[in-house]
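Please look at the chain below and at how its helices and strands are arranged. A short report on that arrangement is wanted.

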Amino acid sequence: MAAIDEEFRERSMVPGNTLILRPADAIAFVCRCREKQVKVLGVDGFHLTEDAIQPDMGESVDLSQPPYRGVDCWKFAEEFLNERLDSGLFFEVVADE
C-alpha cells in the first residue's frame, strides 16, 4: 500500500509505519482507495494518549469477511467512519495494495 500510504504519511498521528489517522483523514484515505480501486479490508479504531496507543476491537470492522466481502467495501468503511467522526478515536485503514 506504499503509494496511498505515502500520500497520507504526513497526516498520521503517530510516527512509524502504521498510519493512525483522524476520522476525516481516514475517510479521505478510503476515498483514495476507491479512486484507485484498492479494496479496503478493514478499519481499526484506536485510543491515543500521551503514553499509549490502545486498540479498540469494539471500534473496528473486518471488511474481508462475510457479510462485507465482495460488496462495496468503500461504502461500508465510509459509513463506519462517518458514524465515529466525533468519537475521539483514531483509525488505521487496512487496504489490499
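The text below describes a sheet and the helices that pack on it.

This is a predicted model, in which local features need pLDDT of at least 70, side-chain atom pairs count only at pLDDT 80 or more, and totals for chains, interfaces and linings use all residues. Residues are numbered from 1 along each chain as its sequence is written, and side-chain values use heavy atoms, with hydrogens and water left out.

Helices (H or I, at least four residues) and strands (E, at least two) are DSSP runs, numbered from the N terminus. Two strands pair if DSSP finds at least two bridges between them.

Three strands form an open sheet in the order β2-β1-β3, with antiparallel pairing. β2 (53-62) and β3 (90-95) are the edge strands, each pairing on one side only. Six bridges join β1 (residues 40-48) to β3 in the antiparallel sense. F46 stands opposite F90 in β3.

Two helices meet this sheet, where contact means heavy atoms within 4.5 Å. Angles run from 0 to 180 degrees between N-to-C directions, and axes are lines fitted to C-alpha atoms, for helices over the stretch in contact.

| Helix | Strands touched | Angle |
|---|---|---|
| α2 (residues 23-35) | β1 and β3 | about 15° with β3 |
| α3 (residues 73-82) | β1, β2 and β3 | about 15° to β1 |

α2 and α3 also pack together, at an angle of about 175° and with their axes 9 Å apart. α2 is therefore roughly antiparallel to α3, a term for angles over 145 degrees. Among the residues making the contact are I27 and V30 of α2 and W74 and L81 of α3.

Terms used: Parallel < 35°, antiparallel > 145°, perpendicular 65-115°, else oblique.
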